[in-house]
Amino acid sequence: MDISQYKIDNEPFYDAQSNEIELYEAAYDARLPVMVKGPTGCGKSRFVEHMAWKLGKPIITVSCNEDITASDLVGRYLLDANGTRWVDGPLTMAARYGAICYLDEIVEARQDTMVVIHALTDHRRELSLDKKGELIKAHPDFQLVISYNPGYQSLMKDLKQSTKQRFCALDFDYADAETEAHILQKEGGVDEATAKKLVQIGETARNLKGHGLDEGISTRLMVYAATLINKGISPVEACKMALVRPITDDADIRETLDNAISMIFG
Amino acid sequence: MNEELFAEYQEKFTCKFPKAVELFPELLGYAVSKLSPEGVEAYLDGANFLCKIGQGVEPVLVYMEVMPDIASHFGKGTNKMIADYSYLMARSPNKKALIPFLSTLGHVCRRIDRIEDLEFYLQIIDEYVEKTQTVIHGHHSLYESPGMVALLESMPQLISKLCLNGIRNFIDYGARNYLNAPDEQIAYFKLESHDAKSIITRERKGTTFKDVERHMDMLKECMWDCDLPFQTFATAFDQLRKPVPYLDDELIAIPDVYDEENGVSGIDRYRATLAHMMAHKTWSSQLMADNFAPHMQLFISMFEDCRVEHLAIQRYPGLKKLFLSLHPYPEKGACDDKKMSCLRYRATRMSRALLDENFDPENPLLEEFRERFHKVMAEKGEGSTTQDMAELGIDFYVKTRKQSSDSLPGVFFDDTEVSYRDDNRYIWFYYEEYDESDEIMPNEYENEEKIVENEGGLPPRHYDEWDYISEGYRPDWTTVYERLHPSGDAGKIDRLMAKHDVLAKRLKKMIEMLKPQNKKRIRFQEEGEELDLDIALRSVIDFKSGQAPDPRINYSHTTDSRNIAVMLLVDTSQSLNERNEQTGQTLLELSEEALAITAWTVEQLGDKFAIAGFCSDTRHEVRYQHIKGYSEGYTDEVKARIAAMEASYSTRMGAAMRHAAHYLEGQQAEKKLMLVLTDGEPADIDAKDPQTLIQDTHKAVEELQSKGIYSYCITVDPKADEYVADVFGNQYTVIDHVDKLPEQLPQVFMKLTH
């Protein structure tokens, strides 16, 4: 098993919003499990990647969804020509070889699935594979990080208290206008004026949250728009394509945002 | 015109009314200047003819006054056509309408171009007469059409707002709906009634605010982060003062319709108006009006308008193009300050210059202030104040003042009105301590509808009603007042529940069965949670024996959950007070019990659930009483409201359903269900034709269907079979034994949502 394939070689760009880097480093130092909260596309995954690179640790990412099961995390028996064979799941692999295991959008997974991580996230730091009859003591480098978006939390999709209370949490939000503009320049390759206008559009759309929009325009989408502009698409077209069409099917909202965009770009 | 010709014409003019003879030379002179010799002949023929129809001199004079313009506009044949038509009208019971007809004809003709249109116009009037004349025992036309005079007198206003087809619809609507109500018909055609306004708004050309309301709401929210509500005012009625948009601390007043202007569409005009007012809201502060002379206020307002627009354009550069295309362009030298007051003209020129760098660049005065303005804006930007603009405004006024003409009564208005700007009441306040601002600037555009006491309720909402005869909606026909249902003794409901203890226990069992089965196993999955051993073994055997194995060897679980929102709409009309002879209970009491048990049941099931009662006292007052909201639990407060239910008035079901649907629509649920509990057919005291409200309710059911709401009726009316299927299709249950209602209602509910 070559765990080094999960290592990140090049520095992922990350612009700190405040002191989250130091906080994370301290948590990793004590191997405390960390939970990263924030709206979609605000840089949670990028942050975790960046930290893994900074600490020089491999990172195994699992994107959670409703169908994910305990065996998808832990591992399962598969059939091959000689009968059955055990295959480690991502969580087991991370615990065994010492990687950061990152469970993205954890609320998407069903609550009872997540109970398997309990033993790994307290003082025991162990994972029992009952089907295989093995007890894994976690590697000293192992750390568990989860992320979720409190925005579309509903009664159905929430973490159990017993899960929540095993993590220390970092709260993320969209970066302030200046940082966001800087990110767009750096990632999307647009000039400062365009970046500022994109940020203005983003703020405009965030005002509509709760008036027909579930979420504002994420930093990620703005980076897309910037990239398109960089490729020579006209700013208004790029914004419609990257910022408006993806987030809404509502004709009125679309028209409103289109109008705001043409007003901002003049 | 030489004397010979005049004498010839005078000879041909055979009318001998002294007044006509007296005015003849003047009228003829005008006619000769407008018409060809042939035309003048026809004109005189027409006048002579009208002279003899026995209506005195007045029609002759009006005819002679208006016809030259009309005839020259349309050409040959017009004189005869109008004279003949006038004759017919003079012979009909509507002879009183002749003068209004002739005197408003000029206004009408100015708006239409072809003689066919004129014919059409006459035809429209004929149609109206036909619909409204009273026929008694086969003798036609014994009585006049009541609204005729009013209609013709309103014609100049109508033609300025509507096209001929629109007028036809307008007339048709009035003739049909007020056939037996002459007073209302007259009010309608005088454009005094609310319905007339609604119809004109509907028939108008241009963009109505209703069409863009949601868009404007969102623009306001997202571009300006403002939560003031909009209020529309009617623009279709020429008042002494033309209504102008305004902004105050409580609302944004905006016209109900915008036509296209300068190639800018109605929706863009709304956007410009909104942007301007929002810019005031964002950047303007108040000045004390008493400190400045009225003329100064004009200029200060203008500079302040320009300042906020300048800032708005900095934030949203696209606004510049929009503002420029709407801002008037007062031509150099258009206003002569020796004869007229050029205040407005100067202000608008300055304002254009501040907005448009290319406007009149050589004018030293404009240049000076343009520079000063831009200096302030460059230095201070968003930090600039209304006070800065006051200084500029005063200086500008002092520099340009014309002692001799500024106060002249004749004010030069052409090209000086900036249509997207508000009246700037937002930036002025007054010293007078006892004058409430409301009194100085009352909310003058408010509807003068019947005001219904609605303390503690929400502002009224209007809904269209379906008219099955014309197959069209009557716009804003009903007015729904929503208020919180009064509360009574919650203990009463608990006692009722105790009485139905057995029933509750039985229902509870049913609920258990209905409750989402937490887990359901789905077999034969290629990817799943667990290995399905039976299938897996079979596959292994297949595999080992050399056959293709079935790869679907896993199973997984899904949760089976209910996601429905329910609205229970209860009829609380007077008839509910009827007592059941066997049990001695009134329908109202039974309804209360049924509601209590159903509410309890649904609460147990955990569905989203709301209850409201409704009744109506004519279309002007449909009462909608909130009993339980979606976010409320089945608490003591809700119980107290159910306990206080009272029955009165009638059943205007369509309006109540539309109102309830507006809440249900906002719920996020896969299935939406509206249960209507009633004891009789939809009816109201102002709807004489029983079919009207039945058909309207049917239409409401269809509307709801298209919004994804399933309506279902539960009726206790034994005669319901006659009509309920017409309204609800097959979505209804008739409960024959009224005393079983408390038991049946929750069961019907569970059956529906199973």
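Which residue lies over the face of Trp466(B), and at what distance from the ring centre? In this predicted model, that place is taken by Lys699(B), which sits 4.1 Å from the centre of the ring. A second charged residue in chain B, Arg619(B), lies over the face of Trp477(B), here at 3.6 Å from the ring centre. Trp477(B) also belongs to an aromatic cluster, together with Tyr128(B), Phe170(B), Tyr173(B), Tyr178(B), Tyr188(B) and Phe189(B).

Ring-to-ring contacts come next. Over all chains, a search of the whole structure yields 31 aromatic pairs. One of them joins Tyr24(A) and Phe47(A): the planes of the two rings stand at 90 degrees, with 5.7 Å between the centres, and because planes over 60 degrees apart count as edge-to-face, the pair falls into that class. Tyr24(A) is part of helix H1 (residues 20–29) and Phe47(A) part of helix H2 (residues 44–55) of chain A, so the contact ties together parts separated by 23 residues in sequence. Tyr24(A) is buried, its relative accessible area being 1%, and Phe47(A) is buried too, at 0% relative accessibility.

Phe47(A) has a further aromatic partner in Phe172(A); this pair is tilted, with 55 degrees between the planes and a distance of 5.1 Å from centre to centre. The contact links distant parts of the chain, since Phe47(A) lies in helix H2 while Phe172(A) is found in the loop between strand E9 (168–171) and helix H6 (177–188) of chain A, 125 residues apart. Both Phe47(A) and Phe172(A) are buried.

Terms used
Residues are numbered from 1 along each chain as its sequence is written. Chains are lettered from A and ligands numbered from 1 in the order in which they are written. This is a predicted model: local features need pLDDT of at least 70, side-chain atom pairs count only at pLDDT 80 or more; totals for chains, interfaces and linings use all residues. Side-chain values use heavy atoms; hydrogens and water are left out. Rings of Phe, Tyr and Trp (its six-membered ring) pair if their centres lie within 6.5 Å; planes under 30 degrees apart count as stacked, over 60 as edge-to-face and the rest as tilted. Helices (H or I, at least four residues) and strands (E, at least two) are DSSP runs, numbered from the N terminus. Buried means under 20% relative accessible area, exposed over 50%, partly exposed in between (1.4 Å probe, protein chains only). A charge sits over a ring if NZ of Lys or CZ of Arg is within 6 Å of the ring centre and within 35 degrees of the ring normal.
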